[in-house]
Amino acid sequence: MKILVLNCGSSSLKYQLIDMETEGVLAKGLCERIGIEGSRLKHQPTGKDAVIFDDYQEDHSVSVKMVLDALTNPEHGVVKDMSEINAVGHRVVHGGEEFASSVIITPEVIKAVEKCSELAPLHNPANLIGIHACEKIMPGVPQVAVFDTAFHQTMPEKAYLYAIPYEYYEKYKIRRYGFHGTSHRFVSEEAAKMLNKPYDQVKTITCHLGNGGSVSAVKNGQSIDTTMGFTPLEGLVMGTRSGDIDPAVVTFLMEKENLKPEDMDVILNKKSGVLGLSGVSSDFRDLESASEQGNERAKAALDVFAYKVAKSIGAYAAAMNGVDCIVFTAGLGENSGVTRQEICDYLGYLGVQIDAAKNALRGEAMEISTPDSKVKVLVIPTNEELVIARDTKELLDK
Ligand code: ADP
């Protein structure tokens, strides 16, 4: 069985074609600037050179068509024709309270995802455009939706309710949802395998640290808390997002600077985080080198970041009454030994000890704690596309 995994953004589309016999990636790629001048498709067949197709992509249907053409292209393709693609798995950002697991896409599912668009106005509509484009270009091919929020639907009420008048939860569904669920689920499952323990008997804290970041408490196979909330803005300090702040700062700033809600939204989501603090960059590689060269604000931004992650880990060790294992994943979590070390330096009281030599390695799943560390510390590359493909296969096999 071959499954096409799609992640549609408002002007982009990422894809992977996965052969489920081997779980190997046959090809992957990215369409950029959809509907904007200068659109391009970068197609990477595994083991061959990447190719660029620069025909104009007017909308996502054109992009899906181009992806299928690339996948079946006599020179750069990896399958003979479209009929070899058995199903499509879509990443969908927000499943609200409607979806606690992945589902086969039906007209009812589409309606429910549309309903969740109010909660994720930037993401869900783009995900839906991708679904409709596939219906048009590949009619009859089964499609599955895999939600970023689904894994966190096991959070108990005490973790997801905000202490604002309850009527706003009832009226607008304002509560904590959490995101990056596919990644937290994948790495927590992998961690249990690496520890040789049943998934439902391990307390894991997963740190997904990329451009966006979140920490989750996964107790006995279930997410019981996570740092992102109603939107991905809550929680950690991120590349450009503020993370937690006193909500009074928002109204104070809006009054002082005469800002509209949409201006405030841009400040908190795009101009804050380590970018806003440092004034240097949202990219941690730039911040690490600026800090090494003596830039004080870059150093402060990195310190604020690591401190916040460490505090979240401490909070979740309390929430689970203990922790067996801490996992680092995503761009920064997988690659930056410096950040992992800085975070783990706070965790001595938990009995966390890092092996500096192992922490300097990169690229594959590994344990970086010392043999006598009370808590195992693991680095596990995330693979959200593989989870989407596995869920899609599992639903079709049923
Ligand atoms: P997202 O999927 O959220 O866009 P990623 O998981 O790809 O993000 O992570 C991207 C971030 O990872 C970049 O902003 C960069 O700061 C960080 N990163 C990647 N490689 C390194 C590295 N070698 N050292 C430090 N940071 C890194």
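Asparagine 321 is exposed, with a relative accessible area of 67%, where exposed means over 50% relative accessible area, buried means under 20% and partly exposed lies in between (1.4 Å probe, protein chains only). Asparagine 321 sits in the loop between H11 and S12, in a naming scheme in which helices (H or I, at least four residues) and strands (E, at least two) are DSSP runs, numbered from the N terminus. The model is a predicted one, in which local features need pLDDT of at least 70 and side-chain atom pairs count only at pLDDT 80 or more, while totals for chains, interfaces and linings use all residues. Residues are numbered from 1 along each chain as its sequence is written, and side-chain values use heavy atoms, with hydrogens and water left out.

The backbone of asparagine 321 deserves a look as well, since this residue has a positive phi of about 55° although it is not a glycine. Most residues other than glycine have a negative phi. Lysine 173 likewise has a positive phi, near 60°, and is placed in the loop between helix H5 (166–172) and helix H6 (181–195). Lysine 173 is partly exposed, with a relative accessible area of 34%.

From these loops we can turn to the interior. The largest nonpolar core (a set of buried Ala, Val, Leu, Ile, Met, Phe, Trp, Tyr and Cys residues joined through side-chain atoms within 4.5 Å) has 38 residues, and those with the most contacts inside it include Ile205, Val309 and Ile343. Among the elements that each supply at least two residues of this core are strand S9 (203–209), helix H11 (296–319) and strand S12 (325–329), and the largest share, 10 residues, comes from H11. Valine 309 touches Cys207, Leu209, Val215, Leu236 and Ile343, not counting residues up to four places away in sequence; contact here means heavy atoms within 4.5 Å. A second, separate core of 24 residues includes Leu6, Tyr15, Leu71 and Cys134.

Tyr15 also leads to histidine 43, whose side chain makes a polar contact with the side chain of tyrosine 15 at 2.7 Å. A polar contact is a pair of N or O atoms within 3.5 Å; within protein, one must be able to donate a hydrogen and the other to accept it, and residues adjacent in sequence count only if both atoms are side-chain atoms. A polar atom of the histidine 43 side chain also lies 3.1 Å from the backbone oxygen of histidine 76. Histidine 43 belongs to strand S4 (residues 40–45) and is buried, with a relative accessible area of 0%. Serine 223, in strand S11 (residues 222–226), is buried with a relative accessible area of 0%, and its side chain makes a polar contact with that of histidine 152 at 2.8 Å.

Finally, we come to the ligand, which 13 residues surround, the closest being Asn211, Asp283, Phe284, Gly331 and Leu332; a residue is near a molecule if one of its heavy atoms lies within 4 Å of it. The largest share of this shell, 4 residues, comes from H12. A backbone N or O atom of phenylalanine 284 lies 2.6 Å from an oxygen atom of the ligand, and a polar backbone atom of asparagine 211 is 3.2 Å from a ligand oxygen. The protein covers 70% of the 580 Å² of accessible area that the ligand has on its own, with areas computed by the Shrake-Rupley method with a 1.4 Å probe.
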